[in-house]
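This report describes the fold, the nonpolar cores and a few local backbone features of one protein chain. The sequence and the model are shown first.

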Amino acid sequence: MTKVSKGLNQSKKVKKSTSSAVAADSDGSTWWIVFGIVLALSFATRFYKVEEPDHVCWDETHFGKMASWYINRTFFFDVHPPLGKMLIALSGYMTGYDGSFQFSNPGDKYTDVNYLGMRVFCTLLGAAIVPFCFCTVWEMTNSLTAAVFSASYVLFDIGTLTLTQYILLDPILLFFVMGSVMGLAKFNSYSDRSFSKSWWFWLTFTGIMLSCAICVKFVGLFIVVYVGLHTISELWNILGDLSKPISYSIQHFLARALCLIVVPALLYSFFFFIHLNLLNKSGHGDGFYSSAFQSQLQGNSLHNASMPRELAYGAVITLKNQRTGGGYLHSHWHLYPQGVGARQQQITTYSHKDDNNKWRVKKLDVEPDETDPITLVKHGDLIRLEHISTRRNLHSHDELAPLSRKHYQVTGYGENGTGDANDVWQVLIVDGKKDEIVTTVSSRLRLLHFLQNCVLTATGSQLPKWAFEQQEVSCNPNLRDKNAAWNVEDNIFPKLPNVSFDVYAPSFLERFFESHAVMLQGNAGLKPKEGEVTSRPWQWPINFRGQFFSGQPYRIYLLGNPIIWWSNIVFLLSFVLVFILSAVYQQRGITLPDPIFEARRQRLKESGAWLFVGWLLHYTPFWFMGRVLYFHHYFPALLFSSMITGIVLTYILDAVLLYIPEKFKSVVYHWTVGTILSSTVYSFVLFSPLAYGMAGPLANDPNSTMHSLKWMDSWEF
């Protein structure tokens with residue numbers, strides 16, 4: 001007997017007391033017919049006009065560009081793990097895209113560019129979300145009605161449709177999140193056949209989906225936590241089954257540890273292994289990584305490079321800050337503006353390679369001369385650093401730093417290399433010994449200002465536009481500042497013999513952990529760009545404001561279907577109320593007169609409770625995040641909310657049918673289901689131009705065809 005047939009037979013036992021008896025027929029064909037309709041509508045709505053608009057839309061400019069870099073094997077920095085971008089690149093490569101298009105700006109025409117393969121791939125994964133939702137709710141409730149309601153709320157949501165039609169990470173993330181939930185539901189349906197082939201398959205499937213979800217975006221961690229909590233609950237129940245020996249519980253624990261921890265961890269590491277080996281050419285993101293990391297990138301100045309191992313006076317060097325994602329010590333001709341310390345030359349850190357990162361190492365009181373004998377820089381030496389391009393010295397004084405008000409300002413000072421006593425710094429090797437020689441890359445250095453007794457540090461704070469939004473450099477009186485460590489990266493000094501940079505080559509694990517540190521720091525520090533539309537978590541469930549994907553003349557606007565989103569809020573609150581009342585009834589020993597319905601009610605309540613936990617996990621963490629947030633961050637939580645709505649609707653309908661006379665039950669059931677589904681379909685048709693394209697004036701113009709649909713002033717379509 002198939003799982004579908006088994007579920008339908010269980011539903012039939014409810015007889016005429018619930019909606020399920022009306023929905024299921026004796027041979028199980030209804031389930032397949034309904035599933036087929038859901039599948040067909042999902043693919044039809046998603047692939048309609050998938051080729052339009054034929055220009056770059058919203059964040060396609062980022063992820064299309066990154067796909068090009070993968071195809072060209074060019075290294076780059078991004079705040080997200082690599083799997084989603086690798087899959088987009090693979091789909092483009094397999095459908096004939098050569099990686100030559102620049103994806104420079106939203107609105108750029110796809111002239112003679114085979115972009116459709118990447119769009120179709122993302123849309124395909126987005127289309128699968130709906131049947132995944134249907135199967136998940138079916139497995140959790142054995143209610144065809146609940147499955148249909150839940151799937152329809154995802155199917156006819158304009159926002160979900162829009163978000164899953166373009167070259168973005170979101171359809172890929174939603175696919176793996178929903179796949180994880182479905183896998184867990186399918187796995188639980190085999191709990192009566194533990195350790196069978198199907199049981200192992202769905203357990204492994206869930207682990208693979210989890211690994212893929214978190215390797216697309218770090219917010220995939222929320223679904224990992226969800227599955228983890230569910231697994232702990234299951235294991236606790238198994239442990240409490242006194243009819244089984246303790247060894248049985250241990251077997252279940254080991255099976256889940258293997259498939260939900262070991263397999264995902266290995267798969268996650270494998271994705272990064274592919275990523276790090278595929279991107280082997282130097283690119284724009286090199287400077288975010290350590291000198292040793294960069295030495296593995298073809299075309300980088302450090303790849304196959306040879307330079308002196310030891311640092312000598314007169315050498316031209318670059319200094320890289322060793323904080324995660326730290327940049328290069330940098331200067332340029334521009335001065336600090338009026339009111340920001342002394343109006344002297346700006347000193348910053350910059351994450352890209354540039355001639356303005358170069359400095360000459362000079363002795364305390366002697367200008368370098370080519371006839372001078374070679375003198376090596378040692379731990380404890382007093383030095384000056386002269387900026388090559390501007391011939392000004394690295395300098396500090398008792399003026400306050402621009403942003404870090406407890407630090408001193410660092411500037412470029414002097415003319416043609418001549419300054420004053422505030423240009424003097426003491427070189428200290430971390431954990432160094434007397435007369436220890438400073439070496440390229442490997443020596444961790446601190447630069448102690450000789451007069452102010454402060455250390456040169458990169459604070460990580462972003463300066464305003466007058467400093468080109470580069471990072472602040474200051475001098476910190478706290479000598480234990482963890483961000484005050486630097487290393488010499490480039491070391492140009494022809495008088496000393498060169499050694500190969502291969503001696504600094506990091507292992508895969510070192511590159512793996514460094515990649516994560518840089519990504520996490522970059523993610524936490526994301527700030528909105530000028531003119532960019534951001535939002536706050538309170539705005540998301542109420543559909544307060546959308547996001548333009550495409551401007552004139554072919555407008556696409558990301559906004560949820562208001563009928564679906566606002567009813568989701570109502571049914572979310574209804575679920576909380578029903579759950580509390582149910583708990584009170586249970587505590588007071590109150591049971592319903594129909595025992596079969598009572599059992600079904602318990603199953604709907606438990607399913608809804610776990611989905612509510614999923615909604616909380618995917619929504620509430622954003623309230624505590626300091627990084628910039630966007631409307632699309634709510635969509636994983638929306639999937640859980642929509643499934644809860646399907647379950648609550650079914651719960652209410654079942655309860656109402658208990659009190660309907662027998663001869664009217666079928667009529668009431670079909671009219672109710674028909675009304676709910678037709679309402680969602682009608683609202684979809686009304687708002688579909690937001691996803692499929694709008695022309696003409698904006699909705700605030702009375703002559704616009706969308707004027708009557710601007711129900712909130714904050715909607716900008």
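The text below moves from the whole chain to its cores, its helices and single residues.

**Overall layout**

The model is predicted, not experimental. The chain holds 19 helices and 16 strands. Its C-alpha trace spans about 110 × 75 × 50 Å along the principal axes. Of the 717 residues, 55% are buried. Contacts between residues at least 6 apart in sequence were also sorted by separation: 75% of them join residues at least 24 apart.

**Nonpolar cores**

The largest nonpolar core contains 150 residues. Those with the most contacts inside this core are I88, F134, F176, W615, F640, L690 and F717. Helix α6, residues 116-141, supplies the largest share of the core, with 14 residues. A second core, separate from this one, has 32 residues, including I383, V410, A458 and W486. In soluble globular proteins, nonpolar side chains tend to be buried together.

Which residues does F640 touch, leaving aside those up to four places away in sequence? Its partners are V177, V181, I223, Y226, L611, G614, W615 and H618. W615 is thus a contact of F640, and both are listed among the residues with the most contacts inside the largest core.

**Helices α6 and α9**

Two helices can be set side by side by length and burial.

| Helix | Residues in helix | First to last C-alpha | Expected span | Buried residues |
|---|---|---|---|---|
| α6 | 26 residues | 38 Å | 38 Å | 23 of 26 residues |
| α9 | 19 residues | 27 Å | 27 Å | 18 of 19 residues |

In α6, the distance from the first C-alpha to the last is close to the value expected at 1.5 Å a residue. For α9, which runs over residues 170-188, the reach is likewise close to its expected value. Because 23 of its 26 residues are buried, α6 is largely enclosed by the rest of the structure. Helix α9 is mostly covered. After α6 comes N142, with a positive phi near 55°.

**Neighbours in helix α3**

L41 lies in helix α3, and so does S42. Are these residues buried or exposed? L41 has a relative accessible area of 34% and is therefore partly exposed. S42, in contrast, is buried, with a relative accessible area of 0%.

Leaving out residues up to four places away in sequence, L41 touches L155 and F156. On the same basis, S42 touches A127, V130, P131 and L155. L155 therefore appears in the contacts of L41 and of S42, where contact means heavy atoms within 4.5 Å. The C-alpha atoms of L41 and V130 are separated by 9.4 Å, although the two residues are 89 apart along the chain. V130, A127 and P131, the contacts of S42, fall within the residue range of α6, 116-141.

**Packing of α12 against α14**

Helix α12 covers residues 246-278 and helix α14 covers residues 508-524. They pack at an angle of about 95°, and their axes are 11 Å apart. Angles of 65 to 115 degrees count as roughly perpendicular, so α12 and α14 fall in that class.

What makes the contact? From α12 it takes Y268, S269, F272, F273 and L276. From α14 it takes F508, R511, F512, S515, H516 and M519. By type, the residues of this contact divide into seven nonpolar, three polar and one charged.

**Backbone features in loops**

Three loop residues draw attention for their backbone geometry: P53, F103 and R391. The peptide bond from E52 to P53 is cis, with omega near -10°. P53 sits in the loop between α3, residues 29-47, and α4, residues 60-72.

F103 has a positive phi, near 50°, in a residue other than glycine. Its place is the loop between α5, residues 83-94, and α6. With a relative accessible area of 0%, F103 is buried.

R391 also has a positive phi, near 60°, and is again a residue other than glycine. R391 lies in the loop between β6, residues 382-387, and β7, residues 393-400. Its relative accessibility is 34%, so R391 counts as partly exposed.

How values were computed: Residues numbered from 1 in each chain as written. Predicted model: local features only at pLDDT ≥ 70, side-chain atom pairs only at ≥ 80, totals over all residues. Heavy atoms only, no water. Core = buried A, V, L, I, M, F, W, Y, C linked by side-chain atoms within 4.5 Å. Buried < 20%, exposed > 50% of the residue type's maximum accessible area, 1.4 Å probe, protein only. Helix = DSSP H or I, 4+ residues; strand = E, 2+ residues; numbered from the N terminus. Axes fitted to C-alpha atoms, helices over the stretch in contact; angles between N-to-C directions. Parallel < 35°, antiparallel > 145°, perpendicular 65-115°, else oblique. Nonpolar A, V, L, I, M, F, W, Y, C, P; charged D, E, K, R; others polar. Expected span 1.5 Å × (residues − 1).
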